[in-house]
Amino acid sequence: MSIISKDRDSNTKQWMKSLFETYEASLNGQKDHPIAAFRKTAFDQLMTEEFPTRKDEDWKYTNVSPIVREAYKFGTSKDFSQEQFNQFLFDGLDAVVIAIVNGVLDTNLSNMDSMPDGLTMLTVEDALQDDILAGRIHNLIDQKGGTAKNVFLRMNRAFAQHGFVIVSDKNAVVEKPIHFVHINTGSDETYFSHPQMFMIGSKSSEFSVIESYHSTNNDAKYFTNAANYIDVEDNAHVHHYRLQFESKNAYQITNSVAIQGRDSIYSNYGVDLGGKIVRNNISTEHMGPGVNTYYYGAYLGLDDQHIDNSTFIDHAVPHCESNEVYKGILSDKARGVFNGKVLVRQDAQKTNAYQQNASLVLSNNAIMDAKPQLEIYADDVKCSHGATIGQLDDESVFYLKSRGLSDEGAKNLLQKAFIGDVILNFRYEPIIEKVLSMVDAKLSKK
Amino acid sequence: MLDIKDLKVTIEGKTILNGINLHVKKGEVHAIMGPNGSGKSTLANVLAGRDEYEVESGTVSFDGKDLLDLDVDERSHAGMFLAFQYPVEIPGVTNATFLKSAINAGREAREEEALKPVEILKLIKSKAAMLDIDPSFLKRSLNEGFSGGEKKRNEMLQMAVLEPKLGILDETDSGLDIDALKVVAESVNALRSPDRSFVVVTHYQRLLDHIVPDFVHVLYNGRIVKSGDKSLALELEEKGYDWIKEEVNAVSA
């Protein structure tokens, strides 16, 4: 029994070791650069760990062995013309664009020089050479992180080829978002990529970051292991969008760890349309009073997709508010999971914590597992959670049909409305339109 | 336009409509009144196509077609419109989106060319103006947070936009104050034409002061027991339904 579990991950660790050694061999003169130690520390820790199985409570509903079993290589870039690349952008959105193809940064397609005033972006490599930023980075890495802190974060820090740090100036309110466009083409060799972001919202500033994931080949198989660390200082507001349109055979795991200073706001907007196995962990800890945390999630699972959203909010101090709205549509044999943990600590009086998870399960073989988990230790709080799993309202279908819509037309409209409800919170018209049209396209193909 | 012959309808074994006979010609407005439980709403719902009701026997011919053979959406394409008593709220679907889908669904079914978004918007706005409805309401979700009066006005707007051959109003006036009621009546009157018919199901005579009917029928125990012109409505207002019930019971005694 113990022999088997010790060797359980040995194959995985084997290829990870040789891959890391290849990277180290390529370092040459860079061996003393802080990034080398940064990656090595993560790698060493990774080697001592085990990957989660279904026996682990937090991973009960999501089996990651298919993901872990593969022996990945690093991806290699592919050429895109500007025209081909533009189809992945959002019409009408003026953003700083960073293009990453198969995990490799493409500076030609990016326009990193167009950073708006009040916002600075640098690579993690460069940031680590600055004492203050390095300190902020390590502080974020050391956070508790709830369920978002796991072995995949270490894997990300060991293997990430490009990490970015985005810092705002104090008091800067920046309208223009930073848009990371991740494109995957797939290849003969299964590859993985590790998007990595550190966001630091300085006092009283506000800015938005978008990570969108696209695929040019719907059969492509690859693994995206993303890590985001977010430090929202007092009275700052960070908007974080994750829009996932990966191939139907792709694996995606995202871990986002956030800490919030007093009176700050962290808004996380997530959409999942693609992916074969998708797991999103978001964790936020309140460090000061008056904090607001918003998580919005929408997902549409068809065929045999598996989409898991696991969230954690730590109301560690009084007078904070959180609001989670997750809505999903599942059909065919798809499986959705929502695990929403909220911890309200003993001192966190006057907490307002709301959680809503609604899913439409449209076929006999689709499954939704919803597990709201509220742990409340304070006695003067307002907490509510609602989990509904159901079908479309017959009355609504009848009403629409009585106005001439076909059965299919009525149902599509209602499904789009169901998910659209969440998307309407996404603030930028171009993002809302793009997401709604992607949802529409996927619903029509059904 | 609408020809109902000996229609018998049950629900869960209980007979609600017990042989309805009704003939509505083009351009006519027929009012259907009756005490509670007489089957008024059932008639409207059966015509709309709700499948909870069993049609035991009888025929319904609409514009030459066998209505009972048509699916719910097909009835709309054929030119029938039912203004619901309790319109459902559908959050997330805007009034504009809904109307656009409805217009083009009908046009497609009738093999007419789909209207371009610009044309649709123009059509909707002109009808909204005609009904004195603020265009901003088009961006709101369908019936969400609407007052009773606003919901009924929305039904009228849909009817105006879809331009049906037959409009059935199912107790559209219930729960409305006199001002909202006038607006509803004005909408119907604005749509009256020699090619369009209306069946107005109502419990109260008050609406018929404003939508003057050509014929008034009294529904009781699932049958139309009396028909007349608009003066019948006034008689019912004065005397109530008891005298009709007595008449019917005397006949069957």
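How many of the six residues of strand β2 of chain A are buried? Keep that in mind for a moment while I say hello and set the scene. What we have on the screen is a predicted model, so every value I give you is computed from it.

Right, back to the strand. β2 of chain A covers residues 96-101, and six of its six residues are buried, so we call it mostly covered. Which way do the side chains go? V96(A), I98(A) and I100(A) point one way from β2(A), while V97(A), A99(A) and V101(A) point the other way, and all are buried. If you are new to strands, here is the general idea: in a regular strand, side chains alternate between the two faces of the sheet.

Now let's look at the partners of β2(A). With strand β6 of chain A, residues 178-184, β2(A) pairs in the parallel sense over six bridges. To see one of those bridges, find I100(A): its bridge partner in β6(A) is H182(A). β2(A) also pairs with strand β3 of chain A, residues 104-106; here three bridges join strands that run antiparallel. I100(A) turns up again, this time standing opposite L105(A) in β3(A). β2(A) and β3(A) form a hairpin with two residues between the strands, and in that hairpin N102(A) takes a positive phi near 55 degrees.

Next stop, still in chain A, is strand β5, residues 163-168. Six of its six residues are buried, so β5(A) is largely enclosed by the rest of the structure. Have a look at the two sides: G163(A), V165(A) and V167(A) lie on one, F164(A), I166(A) and S168(A) on the other, and all are buried. What does β5(A) pair with? Strand β4 of chain A, residues 119-123, pairs with β5(A) in the antiparallel sense over five bridges, and there L122(A) stands opposite V165(A). Strand β8 of chain A, residues 196-201, pairs with β5(A) in the parallel sense, again over five bridges. In that pairing V167(A) is opposite I200(A).

Let's zoom out. Chain A is divided into domain 1, residues 76-393, and domain 2, residues 394-446. Taken over C-alpha atoms, the centres of these two domains of chain A are 24 Å apart. How many residues meet across the boundary? There are 22 from domain 1 of chain A in contact with 24 from domain 2 of chain A. On the domain 1 side, β11, β13, β15 and β17 of chain A each supply at least two residues, and β15(A) gives the most, with four residues. By class, that side of domain 1 of chain A has 16 nonpolar, three polar and three charged residues.

Chain A also touches chain B. The contact takes 16 residues from chain A and 19 residues from chain B. On the chain B side, the elements that give two or more residues are α2, β7, α3 and α5 of chain B, and α3(B) gives the most, with five residues. The residues on this side of chain B divide into eleven nonpolar, six polar and two charged.

Over to chain B itself. Four of its strands form an open sheet in the order β2-β1-β4-β5, with antiparallel pairing. Which strands are at the edges? They are β2 and β5 of chain B, each pairing on one side only. Between β1(B) and β4(B) there are seven bridges, and I4(B) stands opposite V60(B) in β4(B). Helix α1 of chain B, residues 40-48, packs on the sheet, touching β1, β2 and β4 of chain B, and its direction makes about 75 degrees with that of β2(B). Eight of the nine residues of α1(B) are buried, so α1(B) is largely enclosed by the rest of the structure. Just after α1(B) comes G49(B), with a positive phi near 110 degrees.

Last, the largest nonpolar core. Of its 190 residues, I166(A), L47(B), L82(B), I168(B) and V200(B) touch the most other members. Helix α10 of chain A, residues 407-423, gives the most to this core, with eight residues. Both domain 1 and domain 2 of chain A give residues to the core, so it lies between them. And I166(A) should be a familiar name: we saw it among the buried residues of β5(A).

Thanks for listening!

Technical notes: Residues are numbered from 1 along each chain as its sequence is written. Chains are lettered from A and ligands numbered from 1 in the order in which they are written. This is a predicted model: local features need pLDDT of at least 70, side-chain atom pairs count only at pLDDT 80 or more; totals for chains, interfaces and linings use all residues. Domain bounds come from an automatic or database domain assignment. Two residues are in contact if their C-beta atoms, placed from the backbone, lie within 7 Å. Ala, Val, Leu, Ile, Met, Phe, Trp, Tyr, Cys and Pro count as nonpolar, Asp, Glu, Lys and Arg as charged, and the others, Gly among them, as polar. A nonpolar core is a set of buried Ala, Val, Leu, Ile, Met, Phe, Trp, Tyr and Cys residues joined through C-beta atoms within 7 Å. A residue is buried if 20 or more other C-beta atoms lie within 10 Å of its own, exposed if 12 or fewer, and partly exposed in between; C-beta atoms are placed from the backbone. Two strands pair if DSSP finds at least two bridges between them. Axes are lines fitted to C-alpha atoms, for helices over the stretch in contact, and angles run from 0 to 180 degrees between N-to-C directions.
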